[in-house]
Amino acid sequence: IEMVSLWGHSPFYLRSEANPRMCVELVLMLNNLLGIQVDVEKLRRAAEQTDRALARLVSEGIPTDGST
């Protein structure tokens, strides 16, 4: 394979430059494809922190799409 492009889907209402949950899954897929082991622990922690922040926003009824 000369080139590969890995894409991840992130919900449109999560306005963010990076989605740690999606990054974890993409790195795990890359690990599998290349037969390597890149440590994703820091990404997992970031994903968990993002998940908690999103859950808090949803529970408070704060829009996540930038609308008011």
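In this predicted model, Arg45 forms a salt bridge with Glu41, and their closest N and O atoms are 3.9 Å apart, a distance that counts because the rule admits a side-chain nitrogen of Lys or Arg within 4 Å of a carboxyl oxygen of Asp or Glu. Both residues belong to helix H2, where a spacing of 4 residues places them about one turn of the helix apart. Arg45 is partly exposed at 45% relative accessibility, and Glu41 is likewise partly exposed, at 39%.

Helix H2 also holds the pair Arg56 and Glu60, again 4 residues apart and separated by about one helical turn; here the salt bridge has its closest N and O atoms 3.6 Å apart. Arg56 has a relative accessible area of 44%, which makes it partly exposed, while Glu60, at 46%, counts as partly exposed too.

By the rule applied here the count comes to 3 salt bridges. One of them joins Arg21 to Asp51, with the closest N and O atoms 2.2 Å apart. Arg21 lies in helix H1 and Asp51 in helix H2 (residues 41-60), so this pair ties together parts that are 30 residues apart in sequence. Arg21 is partly exposed, with a relative accessible area of 32%, and Asp51 is partly exposed at 35%. Side chains of opposite charge can pair when their charged atoms come close.

Helix H1, which covers residues 20-34, also contains Met29. The relative accessible area of Met29 is 42%, so this residue is classed as partly exposed. The C-alpha atom of Met29 is separated by 8.6 Å from that of Leu6, although the two residues are 23 residues apart along the chain.

Technical notes
Residues are numbered from 1 along each chain as its sequence is written. This is a predicted model: local features need pLDDT of at least 70, side-chain atom pairs count only at pLDDT 80 or more; totals for chains, interfaces and linings use all residues. Side-chain values use heavy atoms; hydrogens and water are left out. Helices (H or I, at least four residues) and strands (E, at least two) are DSSP runs, numbered from the N terminus. Buried means under 20% relative accessible area, exposed over 50%, partly exposed in between (1.4 Å probe, protein chains only).
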